[in-house]
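Reader: I'd like to learn how to read strand pairing and backbone angles in a model. Can you walk me through it?

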Amino acid sequence: GPRQFRLVHSPGLSADHPRLVLSGKVESEATYTNPYTGRYTSDLNLSGVELDAFAEVSQWVNGFMAFSYDNTAATNNNTMVGNSNRRINNSRIYLDKGFITIGNFHQSGVYGSVGQLVVPFGRYGSSMIASPLTEAIGKTKARAVTLSYITGTPDQHKMTPYIHTFVFKGDTRYGSRPNTIKNYGTDVGMFLSGSHYNGDVGLGYLNNMADSNGAQDNGRATGFMGFDQSSSSGNSSENIVHRVGATDLHGSVGYGSWSGIAEYVTSLQRFALTDMTYDGHRAKPNALNLEGAYAFTFFNLPSSVALGYGFSRQALALNIPYQRYTAAWSVTCLKVIVLTLEARHDINYSKNDTATGRFSATTTASAVTANQLGRTDNALTARIGVYF
């Protein structure tokens, strides 16, 4: 689908002839998993569906909507509702993103967006099926306003600086005026382009990591489940003691058939003891993702192999592994079908590690499953995806 922070205008488009461009994906997966505890599991699932609608309203105004499919059980205050044990009933369609963008690269390098979107903090790109560990720490979706500037398109200059800024209210509350717009951040970097290479390097800042997707919902079913999920009485777990800023250093490069990704996300302060801990101390989560890929032709079909490594530190409360090794092989068929086979090996935190998180206004809860610590999780996943 259309990229969120790059504008493309069709030649000759006028206000009298707006255009609606549809794109999307359908993905199915087969998995074989040997989890931290228990016997192996296998599964066949419809893993992802998305329909994107990009409206070119005029040469200065665009609109974007992304409708996604959620295959998890429907819940109400963490209690299963309806007949959600039957998998085909777990097919909720929801608005994932929806925003307006005002700008025209043919006239100006300044543009802005307003609505529900992923704020421009970090990249979280990957050649793998499994999400990078950095995504759980830093990726943040919010109802925000962004303002950006880019000096030109990368194919016009060998070095193209850019800057994104953003503000949003967020869900966590702190300070003397908790219900005000307090969250903000920026992303500064540069596109690099040449006859045989291309790249992107940048540095980002987010003033409140507690509003990241992984901190709001860490995927656990008991104990500390994230600041949005844990409270048994309303959303009092969102009342954190103080904000925790974060920074993101990201880079990507392509040279001929080779490409690489590097990203590091870390908090700049420690969480309060009542908000998030690691081994009895105030937690300072961070994570790294490194990937390398090589593209080639396999029986006249575009193909690639990729290797990845990631680690996290003091992020046990966010329910991500201590280390992750991944390998993937992808083949493109009929231009729109991508077949991917991925092997993943996760190493959990040590059996002696502990973590807690805010459960309510006055209590904390454990964020670990003791019998999973010190163990490994292995998975083999095959995905077929249609992208249009």
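Author: Let's take the strands, then two backbone angles. Keep in mind that this is a predicted model.

Reader: Okay, strands. What should I know about their side chains in general?

Author: In a regular strand, side chains switch back and forth between the two faces of the sheet. Now for the case here: E7, residues 110–118, pairs with E6, residues 92–102, in the antiparallel sense over 5 bridges. E7 also pairs with E8, residues 141–150, again antiparallel, over 9 bridges.

Reader: Which residue in E7 is the bridge partner of phenylalanine 99?

Author: That's glycine 115. For the pairing with E8, look at glycine 112, which stands opposite leucine 147.

Reader: Now the angles. What sign does phi have in most residues?

Author: Leaving glycine aside, phi is negative in most residues. Tyrosine 124 goes the other way: its phi is positive, near 60 degrees. You'll find tyrosine 124 in the loop between E7 and helix H1, which covers 133–138.

Reader: Is tyrosine 124 buried or exposed?

Author: Buried, because its relative accessibility is 8% and the cut-off for buried is under 20%.

Reader: And where does asparagine 300 sit?

Author: In the loop between strand E16 (286–298) and strand E17 (301–313). Asparagine 300 isn't a glycine either, yet its phi is positive, about 65 degrees.

Reader: Why does asparagine 300 count as exposed?

Author: Because its relative accessible area is 73%, and exposed means over 50%. So you have two positive phi values, with tyrosine 124 buried and asparagine 300 exposed.

Notes:
Residues numbered from 1 in each chain as written. Predicted model: local features only at pLDDT ≥ 70, side-chain atom pairs only at ≥ 80, totals over all residues. Heavy atoms only, no water. Pairing = 2+ DSSP bridges. Helix = DSSP H or I, 4+ residues; strand = E, 2+ residues; numbered from the N terminus. Buried < 20%, exposed > 50% of the residue type's maximum accessible area, 1.4 Å probe, protein only.
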